[in-house]
Each structure stands twice: as structure tokens, then as C-alpha cells.
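Biologist: I would like to learn how to read surface patches and strand neighbours. Can we work through one case together?

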Amino acid sequence: MTSGTSKDAAGTRTLTRDEVKAALAAQAVETPSWAYANSGTRFKVFAQPGVPRTPFEKLDDAAQVHAYTGVAPTVALHIPWDRVDDYAALAAHAEKRGLRIGAINSNVFQDDDYKLGSVTNPDPAVRRKAVAHLLDCVGIMEETGSTDLKLWFSDGTNYPGQDDLRTRQDRLAEALRTVYDRLGDGHRMLLEYKLFEPAFYATDVPDWGTAYAHCLRLGPKAQVVVDTGHHAPGTNIEFIVATLLREGKLGGFDFNSRFYADDDLMAGAADPFQLFRIMYEVVRGGGFTPDVAFMLDQCHNIEAKIPAIIRSVMNVQEATAKALLVDGDALRDAQRAGDVLAANGVLMDAFSTDVRPLLAEVRQDAGLDPDPLSAYRRSGRQERIVAERVGGVQAGWGA
């Protein structure tokens, strides 16, 4: 920003440098409780020393991420992985750590009963069990003060003829309607989609169009979640983002990176340019608001948990900063003139900008260390939790 100002991405007015900094300071990135636990590949879960043993200790670790970044005030829970006897006590623990409970994520994919699906299972008893769990998650929302119920279904089929595709959509719609009608004031249902895995022939919610169609029929409390690892190779995710924003149906993101499939790597690690392009469409489309949840959904297989999450938060911040620096007026003028190279150059100029000094200023203005990752490493916190968390059962997939 040589002139000390920037154009907002929609090209409606000039943002001063202070306004860009204020926008960055106001951003919030939700971290997932399960990312602090043991995780791994489809073949092995790798244990690490110092990993949380309870949901309360997960919140303790999440508080460290927020303390060093200043922009991670909420933590998503996963039920039953984060099941406790007293959810009000868990929410109070979060508040004491300067946090709030974020989205409640349901789990209808790990029980043996769900081998042929959950809410789309041909067995009515299994469908009732799955819906009962989703309704239980709404109750947990009420106990914790959460506003978002996040749904992802592994339901699908592996073989042609295994089940009737249209009937499964009818079962899905019925289940979603039951849960939707249970939502309270201020609640949202966020429906996620995934191209494949574990179902290989036909996944029941395989793409944004299917999720959008169900959400549209349900009503204004239902919105779509875009997981950046859940698409076919080469999919233009930013087009999906732009369309959902245009329709008022983008509820949030699950940020992660992928090389091949749903790799769940750190956000921005595989393709930082894609993350920038996505964030540009968010800013340009008016989605840089609390109504669009910026959530991480990652599986830290081999890297230390807390530092990896800090790094991901920083990556999202950097992509956002670059998106805020796009000169919207220049871009609009080039587009109207049909100047392809000039239009592309506007985006490339913003992407090539080193925004780390700007973000360092934002953190210093907030009383934080300009380099969150280095500050955490110097704190000795990692060594302390390794020494303190001895005994008990470490949290992990299914724990």
C-alpha cells in the first residue's frame, strides 16, 4: 500500500489503512476442539505428549491460540467426542478462558448402526436414532449458548442398486425438517457437503447444489458450509462462495488444505492463492461479517497441535489482508474495458503484497506479540503441558 490507502474489493469506497487494520482486528476464526486431540491418517492415529485428556483441557489449549492471535474466540465442539455431564460448566470454563462455545458438530457416522447410513438408512429404527442424536445436539446448543448446529453426513451408497437414490433424499429431507423445526430463536443449521468418502458410488449430500436445495426448502435458518477440502480436483470454490453469498445462503467455512482429497491439512498450506481468491469473493460479496463463520477443520497428523492451529489462523489472516487490499475500482475498470491482463494484474498485485508487517501492527495495537507462533514457542507452554498431562486417557478420534 504505497499510498497508505486501499480500495475495498467491491469498489464502493476507499479504505484507509486504519480501516483495513480495523477490519483485520475484528476478524474471528473458530478453532475445532478435535484439532487439539490425537489424530492421524485413515491407517493410524499418532499420539503426542501433552495432548488434552478432557474437553476442558481442549478449551485450555484453544485459549492459548486466542491469547497469541487475538482472533480465535470461539471453539467448535464435536458430540460425542466432547460429551460431558455438565455443558453449562463447560461453557463457564470457556468463558473463564476468554472463549465462547462455537458450532456444535454432530456425529452420526461412527456407530456400527450407521454402516448403511444414518438419516437416510433404510432401517427406520436407525433413522430415529440418528435424528434423536441431532435433536440432542440442539439441546447442547441451548446449554452452551451456541448458535450453530453443523451437520455432515457420511450417508451414501457404494454400489449401483444398493438403495434408491431419490428415496434417500426424501429421508434426508424429512430428518432435516424435524431438526430444523426444533431450532430456537437465533439458531442456525449449517449443512456441509462432501464429494465422496466413505461412500464411493453416491454420497447423499455430495455438493453445494444438493446442500443449497435442502437449505432453500427448509428456510432462512438453514445455510451451507463450504469445506475447502470437499471438492473434486480443479473445482472453482470461489465461484461456489460467490453464488452462495449472492443467494444469502453461505453460513460458513471449514478451512483446510488438500492435495488429493479431504487431506485436512493446515489452511493455506497447499494452495495459498486459492485461499486468497476465496477470501476476495467473501470480501467482495459482503461476507466479511459475523454471519459467515470462518472455522478451521483440520487433522494435525504429524505436527504439534497448538502451533499448527496458530499457523492456520495466521494463514487465514494473511489471505484476508490481501483480499482487503484488492483495488476494486481498478479491477472494475479493467473488467469493463475487457483488459484481461490488467484485471488479472490487480489481483496478483494484492496477492503478492507482503502483509506480514501490516498484521504485525494489528497485533501490536492489540497488545500482542507481532509473531504469535514464535511467541508461543518461547512461552514454554508446550513443555509445561507435556509435563503436566501425564496419566489419564488422551483425547482423540472417537474419544
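**Patch and strands**

Modeller: Start at the surface. L195, F196 and F200 make a nonpolar patch of about 290 Å². Keep in mind that this is a predicted model.

Biologist: Where does F196 lie?

Modeller: F196 sits in the loop between β10 (188-192) and β11 (202-203).

Biologist: Why does F196 count as partly exposed?

Modeller: Partly exposed covers the range between the buried limit, under 20%, and the exposed limit, over 50%. F196 has 32% relative accessibility, so it counts as partly exposed.

Biologist: Now the strands. Why is β7 described as largely enclosed by the rest of the structure?

Modeller: Check burial residue by residue; under 20% relative accessible area is buried. Strand β7 spans residues 100-105, and five of its six residues are buried, so the rest of the structure largely encloses it.

Biologist: In which sense do β6 and β7 pair, parallel or antiparallel?

Modeller: Look for bridges; strands pair if there are at least two between them. β6 (residues 74-78) and β7 pair in the parallel sense, over four bridges. V75 stands opposite I101 in β7.

Biologist: And how many bridges link β7 and β8?

Modeller: Two, and β7 pairs with β8 (residues 148-151) in the parallel sense. N105 has K150 in β8 as its bridge partner. Between these strands, the chain leaves β7, passes through helix α4 (residues 124-144) and reaches β8 in a right-handed β-α-β crossover.

Biologist: Which elements make a β-α-β unit with β6?

Modeller: Helix α3 (residues 87-96) and β7 join β6 in a right-handed β-α-β unit.

How values were computed:
Residues are numbered from 1 along each chain as its sequence is written. This is a predicted model: local features need pLDDT of at least 70, side-chain atom pairs count only at pLDDT 80 or more; totals for chains, interfaces and linings use all residues. Side-chain values use heavy atoms; hydrogens and water are left out. Patches are made of residues with over 30% relative accessible area and no salt bridge: like charges are joined within 9 Å, nonpolar side chains (Val, Leu, Ile, Met, Phe, Trp, Tyr) within 5 Å. Accessible areas come from the Shrake-Rupley method with a 1.4 Å probe; for residues, only the protein chains shown count as cover. A salt bridge is a side-chain nitrogen of Lys or Arg within 4 Å of a carboxyl oxygen of Asp or Glu. Buried means under 20% relative accessible area, exposed over 50%, partly exposed in between (1.4 Å probe, protein chains only). A crossover is right-handed if, with the strands pointing away from the viewer, the path from the first strand over the helix to the second runs clockwise.
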